[in-house]
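Here's a walk through one small model, written for someone who likes to check atoms and distances. Have the viewer open while you read.

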Amino acid sequence: MDKAIAEKIAKDYITENMAPGFNLTLHEGSDFPTGIWGFNPADQYLFTYTSGIPTGVGRSNYITVSRSSGKVISAGFYGE
């Protein structure tokens, strides 16, 4: 699957389950935060999402989308 399809799957998942009106960022290359348990960059795309409401400093929300199956996994919250 390519990045565009993975991004659409991630957006649909977040809109339906978590945070309508969000901002989504795909992490690529060496742009991966450390400490995400079970994350496999060879098989998963990693996205950060935030609500569309302006916020201050805080934790980031992560989800992954499997490159092979399209399965979405909530990778949790990281940061302060």
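Which residue in β4 is the bridge partner of Y62? It's G76. Keep in mind that this is a predicted model, so let's see how confident the predictor is before going further.

**Confidence and layout**

The chain averages a pLDDT of 79, and 79% of the residues score at least 70. Among the elements, β3 has the highest mean pLDDT, at 87, while strand β4 (residues 72–78) has the lowest, at 81. The chain has one helix and four strands, and reading along the sequence gives the pattern α-β-β-β-β.

Of the 80 residues in the chain, 31% are buried. The exposed surface comes to about 5100 Å², with carbon and sulfur atoms supplying 53% of it. If you take the contacts between residues at least 6 apart in sequence, 41% of them join residues at least 24 apart.

**The β3–β4 hairpin**

Back to the opening pair. β3 and β4 run antiparallel and pair over six bridges. Besides Y62 with G76, you can pick out I63, whose bridge partner in β4 is S74. Five residues sit between the two strands of this hairpin, and G70 takes a positive phi near 80° there. As for cover, six of the seven residues of β3 are buried, which leaves the strand mostly covered.

In a regular strand the side chains alternate between the two faces of the sheet. That's handy to remember when you step along the strands in the viewer.

**Nonpolar cores**

The largest nonpolar core has 11 residues: A6, A10, I14, F22, L24, Y45, F47, Y49, I63, V65 and V72. Four elements give two or more residues to this core, namely α1 (3–17), β1 (22–27), β2 (44–51) and β3 (60–66). Apart from it there is another core, this one of five residues, including I36, F39, L46 and A75.

I63 ties two parts of this story together: this residue belongs to the largest core and is also bridged to S74 in β4.

**A look at T48**

T48 is a good residue to click on. It's found in strand β2 and counts as buried because its relative accessibility is 10%. Which residues is T48 in contact with, leaving aside its neighbours within four places in sequence? They are N23, L24, T25, H27, S60, N61 and Y62. Of these, L24 is also listed in the largest nonpolar core, and Y62 is the residue that is bridged to G76. For a backbone check, the C-alpha atoms of T48 and L26 are separated by 6.6 Å, with their positions 22 residues apart along the chain.

**Salt bridges**

Side chains of opposite charge can pair when their charged atoms come close. The structure holds three salt bridges, set out here with their N to O distances.

| Pair | N to O distance | Relative accessibility |
|---|---|---|
| K3 and E28 | 3.0 Å | K3 39%, E28 40% |
| K11 and E7 | 3.5 Å | K11 36%, E7 29% |
| D12 and K8 | 2.7 Å | D12 32%, K8 53% |

What does the K3 and E28 pair tie together? K3 lies in helix α1 and E28 in the loop between β1 and β2, so the pair links parts that are 25 residues apart in sequence. K3 counts as partly exposed, and E28 does too.

The other two pairs stay within the helix. K11 and E7 both lie in α1, four residues apart, about one turn of the helix. D12 and K8 are also four residues apart in helix α1, so about one helical turn separates them.

Is K8 buried or exposed? At 53% relative accessibility, K8 counts as exposed, whereas its partner D12 is partly exposed at 32%. K11 is partly exposed, and E7 is partly exposed as well.

Technical notes. Residues are numbered from 1 along each chain as its sequence is written. Side-chain values use heavy atoms; hydrogens and water are left out. A nonpolar core is a set of buried Ala, Val, Leu, Ile, Met, Phe, Trp, Tyr and Cys residues joined through side-chain atoms within 4.5 Å. Buried means under 20% relative accessible area, exposed over 50%, partly exposed in between (1.4 Å probe, protein chains only). pLDDT is the predictor's confidence in each residue, from 0 to 100. A salt bridge is a side-chain nitrogen of Lys or Arg within 4 Å of a carboxyl oxygen of Asp or Glu. Two strands pair if DSSP finds at least two bridges between them. Contact means heavy atoms within 4.5 Å. Accessible areas come from the Shrake-Rupley method with a 1.4 Å probe; for residues, only the protein chains shown count as cover.
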